[in-house]
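Visitor: I'd like to learn to read a model like this one. Can we go feature by feature?

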Amino acid sequence: MTDIKAALRAQHIETPSWAYGNSGTRFKVFAQKGVPRDPYEKLADAAQVHAYTGIAPTVALHIPWDKVDDYADLARHAGELGVGIGAINSNVFQDDDYMLGSVTHPSAGVRRKATDHLLECVDIMDATGSDTLKLWFSDGINYPGQDDIRARQDRLAESLSEVYDRLGEGQRFLLEYKLFEPAFYATDVPDWGTAYAHCVKLGPKAQVVVDTGHHAPGTNIEFIVAFLLREGKLGGFDFNSRFYADDDLMVGAADPFQLFRIMYEVVRGGGFDPETGVAFMLDQCHNIEPKIPGQIRSVMNVQEATAKALLVDRDALAAAQSEGDVLGANAVFMDAYNTDVRPLLAELRTELGLAPDPMAAYAKSGYFEKIAAERVGGQQAGWGA
Ligand code: LRH
Ligand code: MN
C-alpha cells in the first residue's frame, strides 16, 4: 500500500484557467456569481483546488483569454498562491481571418499571422517558465472540394516545423487532435494517427495530447494511450467526459470505468514515471455547475481512477493472461475497479494535513461567499477573446 500512496502523493493534475470562467454552448453562456474577471483571479480560484486536493499545483493558460501586460508578474503571483503556470494553450480559432483555416489557410498571409501567434506563445512560455505549448487547430473544411486536403497537410507541417525550431531547451509542444467541430466534413488534425505522424516527423520535442472528448463514439481510447506510451509520444491528456460529442463534462462523470481503463494503461505503460513527462491536464467547462467545486470533484475523480488502477494485482493479472484464463484475468481487473478507494484517499489526505473530504471543506471555507461578494462589476471572464 505504501507504493500506492507514494504514487498518489506524487500525482500532479493541471487545471485549466478557462474552467473558472463562464462557458456554455451556442445556445447560451450562463453567467455565474463570483466568476473571475482576470487571470489573477483565475489563479486564485485554481489555488483553492490545490489547497483542498493537494495534487493540482499548476494551471494551464489560454492565450489571449489570459493575456496580461506582464506574464512574469502573473507567474510570480501564481507562486505566491502556491501554484505554477503549466501549459500555454494557443488560440487560432476565434479570429475572423481564420474562417477558412489558420496555419492551413490557403492565404500565406493568414498562415503567417497564425504561426506568429504560436511563436508568441513560446515567448510567453519563456516569460512564465512554462515548458509546454499545447496546440489545437480548429482547422478543417465543411464541404468536399472546399480545399485541397493534402495541401493543407503541407501547410500544417510547415508551420509546425517553424514552431518546433523555435522551442528552447527543455521545451516541447503537444499536438491535440479532434474528430470534428467546428469543421463538419474534414478536420486537418482529426485523429491520433495524424497527430502522431506529424510529431514523429518533427522529433522528440513534439508529442501527442489525448483529449478524452475528441474521439468518435466507441473509440477504445486506452488502446491509443497504450500505443502512444509505447512509442514515447504520449505528451499528455485533456481530461473531461462526454455522453455524445465534445461535451467537456467533468472527467469520470460520464464513464468512470473508461477513465479507470485509461489510467490502468498509464500505470502499465510507465506513464506515472516523472521522466515520461505525461501531463495530466483537465479541459472542461462547468456550464451549469459551480466551477471551483466542479474542478475539485474532477481532480478527485482522476485520483480515484488512479488509485483503482494502482490496485490492479499485476502479478495475478499476468498469470491469468499467460494461462489464457479470460474470466480470471477480467476478474482481477474488475476487482480493482470495484474497490472503494475513498477511505484510502481520505486517509492519504489526512496524512498530507488536508481535510479528508475536499468538497465539504471547500464548502465550509466561505471562499465562494467571499468572491461572490467581492467580484461585483467588471467583465466576467469567458471564452470571448
Ligand atoms: C478544443 C479544446 C482545446 C482547447 C479548447 C479549450 O475543443 O479541447 O484543447 O483549446 O478545447
Ligand atoms: Mn482539449
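Visitor: How many aromatic pairs does the count come to?

Guide: The model is predicted. The count comes to 21 aromatic pairs. Take Tyr164 and Phe173: their rings are 6.1 Å apart, centre to centre, with 85 degrees between the planes, so the pair is edge-to-face, as planes over 60 degrees apart count. Tyr164 counts as buried because its relative accessibility is 14%. Phe173 is buried too, at 0%.

Visitor: Which residues do ring pairs link into a cluster?

Guide: Trp18, Trp65, Phe93, Trp136 and Trp383.

Visitor: Which charged end sits over the ring of Tyr98?

Guide: That of Lys113, 5.6 Å from the ring centre. Arg261 lies over the face of Phe257, at 4.8 Å from the ring centre.

Visitor: In what order do the strands close into a barrel?

Guide: Eight strands close in the order 1-2-3-4-6-8-9-10, with parallel pairing. On average, neighbours are turned by 30 degrees against each other, direction ignored. Strands 3 (84–89) and 4 (132–136) pair over two bridges. Asn89 stands opposite Lys134 of strand 4.

Visitor: Which helix lies across strand 6?

Guide: Helix 5 (149–166). Strands 4 and 8 are crossed by helix 5 as well, and its angle to strand 6 is about 155 degrees.

Visitor: What span should helix 8 have?

Guide: Helix 8 has 13 residues at 1.5 Å a residue, so 18 Å is expected; the end C-alpha atoms are 18 Å apart, which agrees. Its buried residues include Leu259, Phe260 and Ile262. Helix 7, strand 9 and strand 10 are among the elements covering the buried residues. Just after helix 8, Gly270 takes a positive phi of about 75 degrees.

How values were computed:
Residues numbered from 1 in each chain as written. Chains lettered and ligands numbered in written order. Predicted model: local features only at pLDDT ≥ 70, side-chain atom pairs only at ≥ 80, totals over all residues. Heavy atoms only, no water. Pairing = 2+ DSSP bridges. Helix = DSSP H or I, 4+ residues; strand = E, 2+ residues; numbered from the N terminus. Axes fitted to C-alpha atoms, helices over the stretch in contact; angles between N-to-C directions. Contact = heavy atoms within 4.5 Å. Expected span 1.5 Å × (residues − 1). Buried < 20%, exposed > 50% of the residue type's maximum accessible area, 1.4 Å probe, protein only. Phe/Tyr/Trp six-rings, centres within 6.5 Å; stacked < 30°, edge-to-face > 60°. Lys NZ or Arg CZ within 6 Å of the ring centre and 35° of its normal.
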